[in-house]
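Visitor: I'm new to this one. Could you walk me through how the labels on it are earned?

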Amino acid sequence: MVAWVTALSKTRSIIKQVFSPSVGDMDELNVEDLEEILLRSDVPARLTMEIVDKLESAPRKVSRKELLRDLLLDELGDAQPFEWPSGKNPFVLLLLGVNGSGKTTTAAKLAHMAMGQGLKPMLCGSDTFRAAGSSQLKLWSEKVGCDFVGGEMGADAAGVAFNAVDAALAKGCDPVVVDSAGRMHTKTPLMDELPKMCRAMNKKLDGAPHETWMVLDAFLGQNAVIQAQQFNKVVPITGIVITKLDGSSKAGFLFSVRSELNVPILFTGLGEGEDDLVPFDPVEFVDALFGDSENA
Ligand SMILES: Nc1nc2c(ncn2[C@@H]2O[C@H](COP(=O)(O)OP(=O)(O)OP(=O)(O)O)[C@@H](O)[C@H]2O)c(=O)[nH]1
Ligand SMILES: [Mg+2]
């Protein structure tokens, strides 16, 4: 909880302007202020309007703060704790996203997490687009202490992914976390590489990749959701990781992920270290936004 509270300080500092206990537990709330603040934090417009309507029309005795908390929690749905599936031999997870969103760091964090749970993960560095793309993940694999398969710059990313699944089968590694090159959703040739990678992995192992997670940079706010919608047209996305929540003031965009993408938010990055990946917990997230903690 403390990590969440610290991480969300930027968004919270905006939201707290109206949710300070000093204003009578919010019941003297200025709805226009709230509307502006929610929109500034990238809470989707549809939800903001719904919140404003409900707060305005609620009976006086209903705590506005409690009502808002309930509305926000409803929007996020239940927590969807992730566990590495067994029996896929190996479970293959593909990470994708735009440039710099945090894919490579997230791949390393996930491998570190799997190691901590007694698994034997493999990291696959299929970012052959940038000179340092694959070697950056190799360094992480050494730090984490797990197996690694990568490729030289310019190598066929689909071939690298194929080789990684092949090597994981031979070595008994499970799971395989496949990092991919950053790409803008508007760049057709690079986007076309993604289904090719999926086909290559599936050729080696039926069903692979078993999941495809989009890594979204919280700094981008609502734009991150638009990018994910575009990626989803090319490769079906099964989960979302939100990175850099620790610096963003636009955490409100998380409220549009379920309604606009219909996939669960599984993890959030709250820092740059290998331990700074935490399962997404809607209750902790919303409470940290309000600063309902002695550490806030
Ligand atoms: N504060 C913070 N920084 C992060 C987080 N995740 C990643 N970063 C930083 O963001 C920068 C980019 O991270 P990468 O993992 O290299 O991103 P990428 O998506 O692999 O980038 P490309 O391969 O160039 O597309 C690095 O400086 C990371 O340390 C996070 O959760 N919090
Ligand atoms: Mg990378």
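Visitor: Where does asparagine 89 lie?

Guide: Asparagine 89 sits in the loop between H5 and S1. Keep in mind as we go that this is a predicted model.

Visitor: What makes asparagine 89 count as exposed?

Guide: The cut-off for exposed is 12 or fewer other C-beta atoms within 10 Å. Asparagine 89 has 11 C-beta neighbours inside 10 Å, so it counts as exposed.

Visitor: And what is there to say about phi of asparagine 89?

Guide: It is near 45 degrees, a positive value in a residue other than glycine. Most residues other than glycine have a negative phi.

Visitor: Which other residue shows a positive phi without being glycine?

Guide: Lysine 244 is one, with phi near 60 degrees. You'll find lysine 244 in the loop between S6 and H11.

Visitor: Why is lysine 244 called buried or exposed?

Guide: Buried takes 20 or more other C-beta atoms within 10 Å. Lysine 244 has 21 C-beta neighbours inside 10 Å, and therefore counts as buried.

Visitor: What about phenylalanine 82: buried, exposed or partly exposed?

Guide: Buried starts at 20 and exposed stops at 12, with partly exposed in between. Phenylalanine 82 has 18 other C-beta atoms within 10 Å, so partly exposed is the label. Phenylalanine 82 is also in the loop between H5 and S1.

Visitor: Which residues is phenylalanine 82 in contact with, leaving aside its neighbours within four places in sequence?

Guide: Those are Leu266 and Pro279. Phenylalanine 280 also makes a nice pairing to look at: phenylalanine 82 and phenylalanine 280 are 198 residues apart in sequence, yet their C-alpha atoms are 9.4 Å apart in space.

Visitor: Let's turn to H5. How do you know that its length agrees with its number of residues?

Guide: Helix H5 covers residues 64-76, which is 13 residues, and at 1.5 Å a residue they should span 18 Å. The end C-alpha atoms are 19 Å apart, which agrees.

Visitor: Which residues of H5 are buried?

Guide: They are Arg64, Leu68, Leu72, Glu75 and Leu76. These cover an arc of only 110 degrees around the axis, so they lie on the same side of H5. An α-helix has 3.6 residues a turn, so residues three or four places apart point the same way.

Visitor: What does the face of H5 turned away from its buried side carry?

Guide: That face has the exposed residues Glu66 and Asp74. The buried residues, for their part, pack against helix H4 (45-57), helix H11 (254-261) and helix H12 (282-290). After H5 comes glycine 77, with a positive phi near 75 degrees.

Visitor: Now H9. What makes its buried residues line one face?

Guide: Start with the list: Glu193, Leu194, Met197, Cys198, Ala200 and Met201 are buried in H9. Seen down the axis, they fall within an arc of 165 degrees, so they line one face of the helix. Facing away from that buried side are exposed residues including Thr188, Asp192 and Lys203. The buried residues of H9 pack against strand S1 (92-96), helix H8 (157-171) and helix H10 (222-234).

Visitor: How is S7 paired with S6?

Guide: In the parallel sense, over three bridges. Two bridges are enough to call strands paired. In one of these matches, isoleucine 240 has isoleucine 265 of S7 as its bridge partner. Strand S7 (residues 265-269) is mostly covered, with five of its five residues buried.

Visitor: Which peptide bond leading to proline 175 is cis?

Guide: The one from aspartate 174, with omega near 5 degrees. Proline 175 is in the loop between H8 and strand S4 (176-179). The bond from alanine 208 to proline 209 is cis as well, with omega near -5 degrees. Proline 209 belongs to the loop between H9 and strand S5 (211-217).

Visitor: Last stop, ligand 1. How many residues surround it?

Guide: There are 20, and the closest are Gly102, Thr104, Thr105, Gly182 and Gly269. Helix H6 (residues 103-116) gives the largest share of that shell, three residues. By class, the shell has one nonpolar, 13 polar and six charged residues.

How values were computed:
Residues are numbered from 1 along each chain as its sequence is written. Chains are lettered from A and ligands numbered from 1 in the order in which they are written. This is a predicted model: local features need pLDDT of at least 70, side-chain atom pairs count only at pLDDT 80 or more; totals for chains, interfaces and linings use all residues. A residue is near a molecule or strand if its C-beta atom, placed from the backbone, lies within 6 Å of it. Helices (H or I, at least four residues) and strands (E, at least two) are DSSP runs, numbered from the N terminus. Ala, Val, Leu, Ile, Met, Phe, Trp, Tyr, Cys and Pro count as nonpolar, Asp, Glu, Lys and Arg as charged, and the others, Gly among them, as polar. The expected span of a helix is 1.5 Å times one less than its number of residues. The arc is that of the directions from the helix axis to the C-beta atoms. Two residues are in contact if their C-beta atoms, placed from the backbone, lie within 7 Å.
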